Amino acid sequence: MWALKAGSRPPWVGLAAAVWVQIASGNAYSFPLYSHSLKSVLGLSQQQLTILGVANDFGENVGILPGIASNKYPPWVVLLVGVVASFFGYGVIWLAVTQTVHNMPYWVLWLALVVATNSSAWLGTAVLVTNMRNFPLSRGTVAGILKGYVGLSAAVFTEVYTMVLKGSASALLLFFTLGIPVICFSLMYYIRPCTPASEADPSETAYFLFTQGASIVLAVFLLTTTILKDFLTLNNALSYTFIGIMVVLLMAPLAIPVKMTLFPSNKKLNPPAGAADNATVTDPLLTQPIPEPNVKNLNDDDDDDESELDVLLAVGEGAVKIKKKRRPRRGEDFTFREAIVKADFWLLWFVYFLGVGSGVTVLNNLAQIGVSLGFNDTTTLLSLFSFCNFLGRLGGGVVSEYFVRLKTIPRTFLTTVTQIIMVMTYLLYASALNGTLYVATALLGICYGVQFGVMIPTSSELFGLKNFGLIFNFMGLGNPIGALLFSGMLAGYVYDTEEAKQGGPTCMGPSCFRLTFFVLAGVCSLSAVLSLILTIRIRPVYQMLYAGGSFRLPQSAGHKS
(Lines give C-alpha, C1' and ligand atoms only; values in the text may rest on other atoms or scores of the structure.)
Protein backbone atom coordinates (compact mmCIF):
# COMPACT_ATOMS: atom_id res chain seq x y z
CA MET A 1 0.00 0.00 0.00
CA TRP A 2 1.20 3.52 -0.71
CA ALA A 3 -0.31 7.00 -0.59
CA LEU A 4 -1.27 9.23 -3.48
CA LYS A 5 0.27 12.67 -3.07
CA ALA A 6 -2.45 15.32 -3.42
CA GLY A 7 -2.09 18.75 -5.00
CA SER A 8 -1.27 20.15 -8.43
CA ARG A 9 2.45 20.79 -7.78
CA PRO A 10 3.82 17.31 -6.87
CA PRO A 11 3.28 15.79 -10.35
CA TRP A 12 5.42 18.54 -11.86
CA VAL A 13 8.12 18.07 -9.23
CA GLY A 14 8.08 14.37 -10.13
CA LEU A 15 8.32 15.18 -13.84
CA ALA A 16 11.34 17.46 -13.24
CA ALA A 17 13.03 14.70 -11.22
CA ALA A 18 12.10 12.15 -13.88
CA VAL A 19 14.09 14.11 -16.48
CA TRP A 20 17.34 13.38 -14.61
CA VAL A 21 16.46 9.74 -14.02
CA GLN A 22 15.59 9.35 -17.70
CA ILE A 23 18.97 10.75 -18.67
CA ALA A 24 20.57 8.22 -16.31
CA SER A 25 18.42 5.43 -17.76
CA GLY A 26 19.80 6.19 -21.21
CA ASN A 27 23.20 4.79 -20.21
CA ALA A 28 22.74 1.90 -22.66
CA TYR A 29 22.88 4.34 -25.59
CA SER A 30 26.48 5.16 -24.72
CA PHE A 31 27.74 1.69 -25.70
CA PRO A 32 29.53 3.07 -28.82
CA LEU A 33 31.60 5.36 -26.55
CA TYR A 34 33.39 2.47 -24.86
CA SER A 35 32.83 -0.41 -27.31
CA HIS A 36 36.16 0.32 -29.06
CA SER A 37 37.98 -0.10 -25.74
CA LEU A 38 36.24 -3.42 -25.14
CA LYS A 39 37.35 -4.60 -28.58
CA SER A 40 40.97 -3.41 -28.34
CA VAL A 41 41.73 -4.15 -24.68
CA LEU A 42 40.06 -7.57 -24.65
CA GLY A 43 40.97 -8.53 -28.23
CA LEU A 44 37.41 -9.17 -29.44
CA SER A 45 36.32 -9.82 -33.02
CA GLN A 46 33.62 -7.65 -34.61
CA GLN A 47 31.04 -10.41 -34.22
CA GLN A 48 31.93 -10.83 -30.53
CA LEU A 49 31.57 -7.07 -30.09
CA THR A 50 28.26 -7.16 -31.92
CA ILE A 51 27.01 -9.91 -29.60
CA LEU A 52 27.95 -7.65 -26.68
CA GLY A 53 25.83 -5.02 -28.40
CA VAL A 54 22.97 -7.51 -28.31
CA ALA A 55 23.58 -7.94 -24.57
CA ASN A 56 23.40 -4.16 -24.29
CA ASP A 57 20.01 -4.08 -26.03
CA PHE A 58 18.77 -7.19 -24.26
CA GLY A 59 19.44 -5.74 -20.82
CA GLU A 60 18.01 -2.34 -21.71
CA ASN A 61 14.73 -3.64 -23.07
CA VAL A 62 13.85 -6.74 -21.05
CA GLY A 63 11.51 -5.04 -18.64
CA ILE A 64 9.00 -7.75 -17.75
CA LEU A 65 10.10 -7.84 -14.10
CA PRO A 66 10.11 -4.02 -13.79
CA GLY A 67 6.64 -3.98 -15.37
CA ILE A 68 5.30 -6.47 -12.82
CA ALA A 69 7.07 -4.67 -9.96
CA SER A 70 5.60 -1.29 -10.97
CA ASN A 71 2.12 -2.67 -10.20
CA LYS A 72 3.08 -4.19 -6.86
CA TYR A 73 5.60 -1.80 -5.31
CA PRO A 74 6.06 1.98 -5.01
CA PRO A 75 8.41 3.67 -7.51
CA TRP A 76 11.32 3.97 -5.08
CA VAL A 77 11.59 0.19 -4.85
CA VAL A 78 11.76 -0.15 -8.64
CA LEU A 79 14.37 2.64 -8.78
CA LEU A 80 16.43 0.95 -6.07
CA VAL A 81 16.73 -2.25 -8.10
CA GLY A 82 17.94 -0.18 -11.08
CA VAL A 83 20.57 1.51 -8.92
CA VAL A 84 21.93 -1.82 -7.68
CA ALA A 85 22.02 -3.26 -11.23
CA SER A 86 23.91 -0.24 -12.53
CA PHE A 87 26.47 -0.33 -9.72
CA PHE A 88 27.36 -4.01 -10.00
CA GLY A 89 27.00 -4.34 -13.78
CA TYR A 90 29.12 -1.37 -14.80
CA GLY A 91 31.50 -2.08 -11.93
CA VAL A 92 32.39 -5.46 -13.43
CA ILE A 93 32.85 -3.97 -16.91
CA TRP A 94 35.12 -1.28 -15.43
CA LEU A 95 37.21 -4.00 -13.79
CA ALA A 96 37.61 -5.69 -17.18
CA VAL A 97 38.48 -2.57 -19.21
CA THR A 98 41.01 -1.31 -16.66
CA GLN A 99 42.55 -4.80 -16.51
CA THR A 100 42.04 -4.78 -12.73
CA VAL A 101 40.75 -8.31 -13.32
CA HIS A 102 42.76 -10.03 -16.05
CA ASN A 103 41.34 -12.51 -18.56
CA MET A 104 37.75 -12.04 -17.55
CA PRO A 105 35.65 -14.73 -19.31
CA TYR A 106 33.58 -13.48 -22.22
CA TRP A 107 30.35 -14.87 -20.75
CA VAL A 108 30.92 -12.95 -17.50
CA LEU A 109 31.36 -9.75 -19.49
CA TRP A 110 28.19 -10.50 -21.46
CA LEU A 111 26.15 -11.07 -18.28
CA ALA A 112 27.64 -7.97 -16.64
CA LEU A 113 26.55 -5.85 -19.59
CA VAL A 114 23.03 -7.32 -19.44
CA VAL A 115 22.80 -6.48 -15.72
CA ALA A 116 24.27 -3.00 -16.20
CA THR A 117 21.93 -1.96 -18.99
CA ASN A 118 18.94 -3.65 -17.35
CA SER A 119 19.16 -0.74 -14.92
CA SER A 120 17.71 1.29 -17.81
CA ALA A 121 14.56 -0.86 -17.78
CA TRP A 122 14.06 -0.47 -14.02
CA LEU A 123 14.76 3.26 -13.94
CA GLY A 124 12.77 4.01 -17.10
CA THR A 125 9.76 1.92 -16.07
CA ALA A 126 9.57 3.58 -12.65
CA VAL A 127 9.45 7.13 -14.00
CA LEU A 128 7.42 6.43 -17.14
CA VAL A 129 4.64 4.45 -15.45
CA THR A 130 4.43 6.91 -12.55
CA ASN A 131 4.23 9.98 -14.78
CA MET A 132 1.80 8.43 -17.28
CA ARG A 133 -0.51 7.74 -14.34
CA ASN A 134 0.03 11.21 -12.89
CA PHE A 135 -0.92 12.82 -16.23
CA PRO A 136 -3.49 10.38 -17.72
CA LEU A 137 -5.07 13.01 -19.98
CA SER A 138 -1.77 13.92 -21.70
CA ARG A 139 -0.23 10.51 -22.36
CA GLY A 140 1.30 11.21 -25.74
CA THR A 141 2.86 14.47 -24.58
CA VAL A 142 4.31 12.99 -21.40
CA ALA A 143 5.65 9.91 -23.20
CA GLY A 144 7.23 12.11 -25.87
CA ILE A 145 8.93 14.35 -23.31
CA LEU A 146 10.32 11.54 -21.15
CA LYS A 147 11.42 9.37 -24.05
CA GLY A 148 12.87 12.47 -25.68
CA TYR A 149 15.20 13.01 -22.75
CA VAL A 150 16.25 9.36 -22.97
CA GLY A 151 17.12 10.04 -26.60
CA LEU A 152 19.27 12.99 -25.50
CA SER A 153 21.15 10.91 -22.95
CA ALA A 154 23.77 9.74 -25.45
CA ALA A 155 24.58 13.37 -26.31
CA VAL A 156 24.70 14.29 -22.61
CA PHE A 157 27.11 11.45 -21.84
CA THR A 158 29.15 12.25 -24.96
CA GLU A 159 29.51 15.82 -23.64
CA VAL A 160 30.72 14.51 -20.28
CA TYR A 161 32.94 11.92 -21.98
CA THR A 162 34.75 14.40 -24.23
CA MET A 163 34.85 17.56 -22.09
CA VAL A 164 35.25 16.24 -18.55
CA LEU A 165 36.59 12.70 -18.88
CA LYS A 166 38.84 13.54 -21.86
CA GLY A 167 37.76 10.55 -23.92
CA SER A 168 38.57 7.94 -21.28
CA ALA A 169 36.33 4.86 -21.61
CA SER A 170 37.37 3.56 -18.18
CA ALA A 171 36.47 6.89 -16.56
CA LEU A 172 33.07 6.81 -18.27
CA LEU A 173 32.38 3.32 -16.92
CA LEU A 174 33.38 4.45 -13.42
CA PHE A 175 31.07 7.45 -13.85
CA PHE A 176 28.19 5.07 -14.64
CA THR A 177 29.11 2.84 -11.70
CA LEU A 178 29.02 5.66 -9.15
CA GLY A 179 27.18 8.56 -10.79
CA ILE A 180 23.91 6.83 -11.66
CA PRO A 181 23.33 5.64 -8.07
CA VAL A 182 24.04 9.14 -6.72
CA ILE A 183 21.53 10.76 -9.12
CA CYS A 184 18.79 8.23 -8.43
CA PHE A 185 19.24 8.19 -4.65
CA SER A 186 19.01 11.99 -4.65
CA LEU A 187 15.73 12.09 -6.59
CA MET A 188 14.03 8.88 -5.47
CA TYR A 189 11.70 10.60 -2.99
CA TYR A 190 10.18 12.96 -5.56
CA ILE A 191 9.10 10.31 -8.07
CA ARG A 192 5.85 9.19 -6.51
CA PRO A 193 2.20 8.56 -7.44
CA CYS A 194 0.04 11.68 -7.26
CA THR A 195 -3.68 12.31 -7.40
CA PRO A 196 -4.39 13.03 -11.10
CA ALA A 197 -6.83 15.67 -12.31
CA SER A 198 -10.09 14.42 -13.83
CA GLU A 199 -10.42 17.39 -16.19
CA ALA A 200 -8.03 19.24 -18.48
CA ASP A 201 -6.16 22.17 -16.93
CA PRO A 202 -5.51 24.96 -19.47
CA SER A 203 -2.27 25.88 -17.70
CA GLU A 204 -0.90 22.38 -18.36
CA THR A 205 -0.57 23.18 -22.05
CA ALA A 206 1.75 26.10 -21.29
CA TYR A 207 3.74 24.00 -18.82
CA PHE A 208 4.20 21.18 -21.33
CA LEU A 209 5.21 23.65 -24.03
CA PHE A 210 7.81 25.13 -21.68
CA THR A 211 9.21 21.67 -20.92
CA GLN A 212 9.31 20.76 -24.60
CA GLY A 213 10.95 24.08 -25.43
CA ALA A 214 13.58 23.57 -22.71
CA SER A 215 14.39 20.12 -24.05
CA ILE A 216 14.76 21.48 -27.60
CA VAL A 217 17.10 24.23 -26.39
CA LEU A 218 19.14 21.57 -24.58
CA ALA A 219 19.27 19.42 -27.72
CA VAL A 220 20.42 22.32 -29.91
CA PHE A 221 23.02 23.29 -27.31
CA LEU A 222 24.42 19.75 -27.15
CA LEU A 223 24.61 19.47 -30.94
CA THR A 224 26.26 22.90 -31.22
CA THR A 225 28.92 22.17 -28.61
CA THR A 226 29.63 18.79 -30.19
CA ILE A 227 30.28 20.46 -33.54
CA LEU A 228 32.35 23.23 -31.93
CA LYS A 229 34.74 20.81 -30.28
CA ASP A 230 35.54 19.34 -33.70
CA PHE A 231 36.65 22.75 -35.02
CA LEU A 232 37.98 24.45 -31.90
CA THR A 233 40.35 23.48 -29.13
CA LEU A 234 38.37 23.93 -25.93
CA ASN A 235 40.29 24.68 -22.74
CA ASN A 236 39.17 23.35 -19.37
CA ALA A 237 37.42 26.57 -18.36
CA LEU A 238 35.27 26.64 -21.49
CA SER A 239 34.55 22.91 -21.28
CA TYR A 240 33.34 23.18 -17.70
CA THR A 241 31.29 26.25 -18.61
CA PHE A 242 29.50 24.22 -21.28
CA ILE A 243 28.87 21.44 -18.75
CA GLY A 244 27.45 24.00 -16.30
CA ILE A 245 25.06 25.35 -18.93
CA MET A 246 23.97 21.80 -19.74
CA VAL A 247 23.18 21.14 -16.06
CA VAL A 248 21.11 24.35 -15.84
CA LEU A 249 19.12 23.36 -18.94
CA LEU A 250 18.48 19.91 -17.45
CA MET A 251 17.08 21.64 -14.36
CA ALA A 252 14.74 23.86 -16.43
CA PRO A 253 11.56 21.76 -15.82
CA LEU A 254 11.96 22.49 -12.11
CA ALA A 255 10.93 26.08 -12.91
CA ILE A 256 7.32 24.92 -13.24
CA PRO A 257 6.77 23.78 -9.61
CA VAL A 258 8.81 26.80 -8.46
CA LYS A 259 6.44 29.09 -10.37
CA MET A 260 3.43 27.25 -8.94
CA THR A 261 4.82 27.83 -5.44
CA LEU A 262 5.62 31.52 -5.90
CA PHE A 263 2.55 32.35 -7.98
CA PRO A 264 -0.15 29.84 -7.03
CA SER A 265 -3.25 29.56 -9.18
CA ASN A 266 -6.67 30.09 -7.61
CA LYS A 267 -8.21 27.43 -9.86
CA LYS A 268 -8.83 24.15 -8.09
CA LEU A 269 -9.13 21.04 -10.20
CA ASN A 270 -11.44 18.31 -9.05
CA PRO A 271 -9.70 15.02 -8.34
CA PRO A 272 -11.15 11.86 -9.81
CA ALA A 273 -14.25 10.63 -8.12
CA GLY A 274 -13.40 8.61 -5.08
CA ALA A 275 -9.89 10.00 -4.71
CA ALA A 276 -9.47 11.89 -1.47
CA ASP A 277 -6.49 13.95 -0.44
CA ASN A 278 -3.59 11.70 0.53
CA ALA A 279 -5.86 8.69 0.04
CA THR A 280 -4.16 5.38 0.70
CA VAL A 281 -4.64 3.02 -2.21
CA THR A 282 -3.78 -0.56 -2.89
CA ASP A 283 -4.08 -0.41 -6.68
CA PRO A 284 -2.62 2.39 -8.81
CA LEU A 285 -5.67 2.85 -11.04
CA LEU A 286 -6.33 6.14 -12.75
CA THR A 287 -9.56 5.28 -14.47
CA GLN A 288 -12.87 6.32 -12.99
CA PRO A 289 -14.27 3.93 -10.37
CA ILE A 290 -16.47 1.22 -11.79
CA PRO A 291 -20.13 1.75 -10.95
CA GLU A 292 -22.12 -0.97 -9.29
CA PRO A 293 -24.60 -2.69 -11.58
CA ASN A 294 -27.98 -0.97 -11.58
CA VAL A 295 -31.07 -0.81 -13.72
CA LYS A 296 -29.78 2.19 -15.69
CA ASN A 297 -26.55 0.63 -16.94
CA LEU A 298 -27.60 -2.97 -17.23
CA ASN A 299 -28.43 -2.71 -20.92
CA ASP A 300 -25.56 -0.43 -22.00
CA ASP A 301 -23.72 -3.20 -23.89
CA ASP A 302 -25.88 -4.86 -26.50
CA ASP A 303 -23.14 -7.27 -27.58
CA ASP A 304 -22.53 -8.88 -24.19
CA ASP A 305 -22.84 -12.66 -24.23
CA GLU A 306 -25.35 -12.66 -21.38
CA SER A 307 -28.07 -10.24 -20.32
CA GLU A 308 -27.10 -7.74 -17.62
CA LEU A 309 -30.36 -8.63 -15.90
CA ASP A 310 -28.61 -11.74 -14.58
CA VAL A 311 -27.24 -9.64 -11.77
CA LEU A 312 -30.71 -9.13 -10.28
CA LEU A 313 -31.91 -11.16 -7.36
CA ALA A 314 -33.26 -14.52 -8.38
CA VAL A 315 -36.85 -14.14 -7.27
CA GLY A 316 -38.06 -17.00 -5.13
CA GLU A 317 -34.59 -18.60 -4.93
CA GLY A 318 -33.18 -16.38 -2.23
CA ALA A 319 -29.85 -16.06 -4.05
CA VAL A 320 -27.99 -13.71 -6.37
CA LYS A 321 -26.92 -14.97 -9.76
CA ILE A 322 -23.69 -13.24 -10.68
CA LYS A 323 -23.13 -12.40 -14.31
CA LYS A 324 -19.93 -13.71 -15.81
CA LYS A 325 -17.39 -10.90 -16.14
CA ARG A 326 -17.34 -9.57 -19.67
CA ARG A 327 -14.09 -9.16 -21.53
CA PRO A 328 -12.71 -5.62 -21.81
CA ARG A 329 -12.95 -3.66 -25.01
CA ARG A 330 -10.03 -1.80 -26.58
CA GLY A 331 -9.56 1.41 -24.65
CA GLU A 332 -10.40 -0.19 -21.31
CA ASP A 333 -8.03 -1.75 -18.78
CA PHE A 334 -6.75 -5.15 -19.92
CA THR A 335 -4.86 -7.68 -17.89
CA PHE A 336 -1.72 -8.94 -19.61
CA ARG A 337 -3.40 -12.28 -20.37
CA GLU A 338 -6.37 -10.53 -21.93
CA ALA A 339 -4.12 -8.29 -24.04
CA ILE A 340 -1.86 -10.97 -25.55
CA VAL A 341 -4.77 -12.79 -27.20
CA LYS A 342 -5.70 -9.69 -29.19
CA ALA A 343 -4.61 -9.35 -32.82
CA ASP A 344 -3.95 -5.63 -32.34
CA PHE A 345 -1.48 -6.42 -29.56
CA TRP A 346 0.63 -8.59 -31.83
CA LEU A 347 0.32 -6.24 -34.79
CA LEU A 348 1.68 -3.43 -32.60
CA TRP A 349 4.43 -5.74 -31.32
CA PHE A 350 5.60 -6.77 -34.78
CA VAL A 351 5.48 -3.18 -36.09
CA TYR A 352 7.67 -2.09 -33.18
CA PHE A 353 9.96 -5.13 -33.44
CA LEU A 354 10.68 -4.65 -37.15
CA GLY A 355 11.03 -0.87 -36.97
CA VAL A 356 13.13 -0.54 -33.83
CA GLY A 357 15.02 -3.80 -34.40
CA SER A 358 16.29 -2.55 -37.74
CA GLY A 359 17.12 0.89 -36.35
CA VAL A 360 19.07 -0.42 -33.37
CA THR A 361 21.18 -2.50 -35.74
CA VAL A 362 22.53 0.70 -37.27
CA LEU A 363 22.95 2.33 -33.86
CA ASN A 364 24.96 -0.62 -32.51
CA ASN A 365 27.24 -0.58 -35.54
CA LEU A 366 27.34 3.18 -36.11
CA ALA A 367 30.99 3.52 -35.13
CA GLN A 368 32.04 0.70 -37.47
CA ILE A 369 29.84 2.06 -40.27
CA GLY A 370 31.56 5.43 -39.97
CA VAL A 371 35.07 3.94 -39.89
CA SER A 372 34.35 1.70 -42.89
CA LEU A 373 33.39 4.80 -44.88
CA GLY A 374 36.44 6.78 -43.78
CA PHE A 375 35.06 8.73 -40.81
CA ASN A 376 37.45 8.16 -37.92
CA ASP A 377 35.78 10.48 -35.37
CA THR A 378 32.43 8.84 -34.83
CA THR A 379 31.40 10.87 -31.75
CA THR A 380 29.87 13.48 -34.07
CA LEU A 381 27.82 10.76 -35.77
CA LEU A 382 26.63 9.50 -32.40
CA SER A 383 25.68 13.01 -31.25
CA LEU A 384 23.81 13.64 -34.50
CA PHE A 385 21.90 10.39 -34.12
CA SER A 386 21.15 11.23 -30.49
CA PHE A 387 19.88 14.72 -31.37
CA CYS A 388 17.63 13.44 -34.15
CA ASN A 389 16.50 10.48 -32.03
CA PHE A 390 15.40 13.05 -29.43
CA LEU A 391 13.50 15.05 -32.05
CA GLY A 392 11.75 11.87 -33.21
CA ARG A 393 10.74 10.83 -29.70
CA LEU A 394 9.51 14.27 -28.74
CA GLY A 395 7.91 14.87 -32.12
CA GLY A 396 6.33 11.41 -32.18
CA GLY A 397 4.37 12.30 -29.06
CA VAL A 398 3.54 15.87 -30.09
CA VAL A 399 2.62 15.24 -33.74
CA SER A 400 0.61 12.09 -33.02
CA GLU A 401 -1.21 13.97 -30.23
CA TYR A 402 -2.17 16.63 -32.77
CA PHE A 403 -3.59 14.09 -35.21
CA VAL A 404 -5.54 12.08 -32.63
CA ARG A 405 -7.11 15.18 -31.07
CA LEU A 406 -7.99 17.04 -34.27
CA LYS A 407 -8.60 14.21 -36.74
CA THR A 408 -8.94 11.10 -34.51
CA ILE A 409 -6.25 9.51 -36.70
CA PRO A 410 -4.43 6.74 -34.79
CA ARG A 411 -0.85 7.43 -33.76
CA THR A 412 0.33 4.41 -35.74
CA PHE A 413 -0.28 6.34 -38.98
CA LEU A 414 2.85 8.31 -38.09
CA THR A 415 4.68 4.99 -37.64
CA THR A 416 3.69 4.00 -41.18
CA VAL A 417 5.02 7.25 -42.65
CA THR A 418 8.34 7.11 -40.77
CA GLN A 419 8.96 3.47 -41.66
CA ILE A 420 8.54 4.27 -45.34
CA ILE A 421 11.20 6.95 -44.84
CA MET A 422 13.38 4.37 -43.05
CA VAL A 423 13.23 2.13 -46.14
CA MET A 424 14.60 4.97 -48.26
CA THR A 425 17.20 5.76 -45.59
CA TYR A 426 18.59 2.21 -45.58
CA LEU A 427 18.88 2.35 -49.37
CA LEU A 428 20.71 5.68 -48.98
CA TYR A 429 23.15 4.03 -46.56
CA ALA A 430 23.67 1.16 -49.01
CA SER A 431 24.47 3.58 -51.85
CA ALA A 432 27.39 5.06 -49.83
CA LEU A 433 27.26 8.21 -51.94
CA ASN A 434 29.52 11.07 -50.89
CA GLY A 435 27.87 13.36 -48.34
CA THR A 436 24.98 11.04 -47.56
CA LEU A 437 26.20 9.49 -44.29
CA TYR A 438 25.18 12.41 -42.09
CA VAL A 439 21.87 12.88 -43.92
CA ALA A 440 21.00 9.19 -43.59
CA THR A 441 21.99 9.16 -39.90
CA ALA A 442 19.83 12.22 -39.19
CA LEU A 443 16.80 10.76 -40.98
CA LEU A 444 17.19 7.40 -39.28
CA GLY A 445 17.56 9.04 -35.86
CA ILE A 446 14.27 10.91 -36.26
CA CYS A 447 12.34 7.91 -37.59
CA TYR A 448 13.83 5.59 -34.96
CA GLY A 449 12.76 7.98 -32.20
CA VAL A 450 9.20 8.19 -33.51
CA GLN A 451 8.75 4.44 -32.96
CA PHE A 452 9.15 4.99 -29.19
CA GLY A 453 7.05 8.15 -29.08
CA VAL A 454 4.14 6.34 -30.75
CA MET A 455 4.26 2.82 -29.26
CA ILE A 456 4.11 3.88 -25.62
CA PRO A 457 0.92 6.01 -25.63
CA THR A 458 -0.71 3.69 -28.18
CA SER A 459 -0.31 0.67 -25.91
CA SER A 460 -1.80 2.62 -22.99
CA GLU A 461 -4.75 3.83 -25.09
CA LEU A 462 -5.57 0.39 -26.48
CA PHE A 463 -5.03 -1.64 -23.30
CA GLY A 464 -5.33 0.83 -20.42
CA LEU A 465 -3.02 2.11 -17.69
CA LYS A 466 -3.59 -0.49 -14.97
CA ASN A 467 -1.10 -3.01 -16.41
CA PHE A 468 0.67 -0.52 -18.63
CA GLY A 469 4.12 -1.17 -17.13
CA LEU A 470 4.03 -4.87 -18.02
CA ILE A 471 2.41 -4.41 -21.43
CA PHE A 472 4.73 -1.72 -22.76
CA ASN A 473 7.80 -3.56 -21.45
CA PHE A 474 6.67 -6.69 -23.28
CA MET A 475 6.41 -4.55 -26.41
CA GLY A 476 9.97 -3.44 -25.69
CA LEU A 477 11.22 -7.00 -26.16
CA GLY A 478 11.08 -6.30 -29.89
CA ASN A 479 14.24 -4.21 -29.51
CA PRO A 480 16.67 -6.88 -28.19
CA ILE A 481 15.15 -9.62 -30.35
CA GLY A 482 15.61 -7.38 -33.39
CA ALA A 483 19.18 -6.60 -32.29
CA LEU A 484 19.94 -10.31 -31.93
CA LEU A 485 18.58 -11.20 -35.36
CA PHE A 486 19.57 -8.19 -37.44
CA SER A 487 22.67 -6.95 -35.62
CA GLY A 488 24.19 -10.03 -33.98
CA MET A 489 23.40 -12.64 -36.60
CA LEU A 490 23.24 -10.53 -39.75
CA ALA A 491 25.37 -7.37 -39.51
CA GLY A 492 28.19 -8.96 -37.50
CA TYR A 493 28.40 -11.97 -39.82
CA VAL A 494 28.38 -9.85 -42.99
CA TYR A 495 31.05 -7.52 -41.59
CA ASP A 496 33.39 -10.32 -40.48
CA THR A 497 32.95 -12.10 -43.84
CA GLU A 498 33.93 -8.97 -45.76
CA GLU A 499 36.79 -8.30 -43.35
CA ALA A 500 38.14 -11.83 -43.98
CA LYS A 501 37.95 -11.27 -47.74
CA GLN A 502 39.95 -8.05 -47.44
CA GLY A 503 42.51 -9.68 -45.16
CA GLY A 504 43.01 -6.55 -43.05
CA PRO A 505 42.41 -5.78 -39.38
CA THR A 506 39.38 -3.61 -40.23
CA CYS A 507 36.76 -3.87 -42.98
CA MET A 508 36.75 -0.84 -45.25
CA GLY A 509 34.30 0.24 -47.93
CA PRO A 510 30.52 0.13 -48.59
CA SER A 511 30.47 -3.66 -48.93
CA CYS A 512 30.99 -4.05 -45.15
CA PHE A 513 27.31 -3.29 -44.48
CA ARG A 514 25.61 -3.06 -47.90
CA LEU A 515 23.87 -6.45 -47.74
CA THR A 516 22.72 -5.65 -44.20
CA PHE A 517 21.13 -2.40 -45.35
CA PHE A 518 19.26 -4.13 -48.19
CA VAL A 519 17.80 -6.65 -45.72
CA LEU A 520 16.83 -3.88 -43.30
CA ALA A 521 15.05 -2.04 -46.11
CA GLY A 522 12.97 -5.15 -46.83
CA VAL A 523 12.20 -5.61 -43.13
CA CYS A 524 10.96 -2.04 -42.81
CA SER A 525 8.80 -2.39 -45.92
CA LEU A 526 6.96 -5.29 -44.26
CA SER A 527 6.63 -3.26 -41.06
CA ALA A 528 5.08 -0.31 -42.90
CA VAL A 529 2.41 -2.60 -44.39
CA LEU A 530 1.59 -4.08 -40.96
CA SER A 531 1.45 -0.60 -39.44
CA LEU A 532 -1.07 0.53 -42.06
CA ILE A 533 -3.26 -2.53 -41.34
CA LEU A 534 -3.13 -1.75 -37.60
CA THR A 535 -4.05 1.89 -38.22
CA ILE A 536 -7.16 0.89 -40.15
CA ARG A 537 -8.18 -1.61 -37.47
CA ILE A 538 -7.91 0.75 -34.50
CA ARG A 539 -9.39 3.88 -36.09
CA PRO A 540 -12.79 3.28 -34.41
CA VAL A 541 -11.09 3.12 -31.01
CA TYR A 542 -9.59 6.56 -31.46
CA GLN A 543 -12.86 7.94 -32.77
CA MET A 544 -14.38 6.83 -29.47
CA LEU A 545 -11.52 7.98 -27.18
CA TYR A 546 -11.03 11.39 -28.81
CA ALA A 547 -14.55 12.10 -30.06
CA GLY A 548 -14.68 15.48 -28.30
CA GLY A 549 -11.19 16.58 -29.30
CA SER A 550 -9.65 15.53 -25.98
CA PHE A 551 -8.98 12.21 -24.30
CA ARG A 552 -11.86 10.62 -22.39
CA LEU A 553 -11.17 8.05 -19.68
CA PRO A 554 -13.28 5.08 -20.80
CA GLN A 555 -16.01 3.84 -18.51
CA SER A 556 -15.50 0.11 -18.14
CA ALA A 557 -18.74 -0.61 -16.37
CA GLY A 558 -19.08 -4.04 -15.08
CA HIS A 559 -15.48 -4.92 -15.74
CA LYS A 560 -12.54 -5.02 -13.41
CA SER A 561 -9.16 -6.03 -14.67
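User: Leaving aside its neighbours within four places in sequence, which residues is Gly-59 in contact with?

Analyst: In this predicted model, Gly-59, which lies in helix α3 (residues 46-61), is in contact with Val-114, Thr-117, Asn-118 and Ala-121. The C-alpha atom of Gly-59 is also separated by 7.2 Å from that of Leu-113, although these two residues are 54 residues apart along the chain.

User: Why does Gly-59 count as buried?

Analyst: Buried means under 20% relative accessible area, and Gly-59 has a relative accessibility of 0%, so Gly-59 counts as buried.

User: What makes α2 oblique to α8?

Analyst: The axes of helix α2 (residues 31-42) and helix α8 (residues 169-187) come within 9 Å and cross at roughly 125 degrees. An angle over 145 would count as roughly antiparallel and one of 65 to 115 as roughly perpendicular, and because the crossing angle falls in neither range, α2 is oblique to α8. The contact is made by Leu-33, Tyr-34 and Ser-37 of α2 together with Ala-169, Leu-172, Leu-173 and Phe-176 of α8, and these residues divide into six nonpolar, one polar and no charged.

User: How do you know that Cys-507 and Cys-512 form a disulfide?

Analyst: A disulfide requires a pair of cysteine sulfur atoms within 2.5 Å, and the sulfur atoms of Cys-507 and Cys-512 are 2.0 Å apart, so the two form a disulfide. A search of the whole structure finds one disulfide.

User: Why is Cys-524 in no disulfide?

Analyst: The nearest cysteine sulfur, that of Cys-447, is 8.5 Å away, whereas the cut-off is 2.5 Å, and therefore Cys-524 is in no disulfide.

Key
Residues are numbered from 1 along each chain as its sequence is written. This is a predicted model: local features need pLDDT of at least 70, side-chain atom pairs count only at pLDDT 80 or more; totals for chains, interfaces and linings use all residues. Side-chain values use heavy atoms; hydrogens and water are left out. Helices (H or I, at least four residues) and strands (E, at least two) are DSSP runs, numbered from the N terminus. Buried means under 20% relative accessible area, exposed over 50%, partly exposed in between (1.4 Å probe, protein chains only). Contact means heavy atoms within 4.5 Å. Axes are lines fitted to C-alpha atoms, for helices over the stretch in contact, and angles run from 0 to 180 degrees between N-to-C directions. Angles under 35 degrees count as roughly parallel, over 145 as roughly antiparallel, 65 to 115 as roughly perpendicular and the rest as oblique. Ala, Val, Leu, Ile, Met, Phe, Trp, Tyr, Cys and Pro count as nonpolar, Asp, Glu, Lys and Arg as charged, and the others, Gly among them, as polar.
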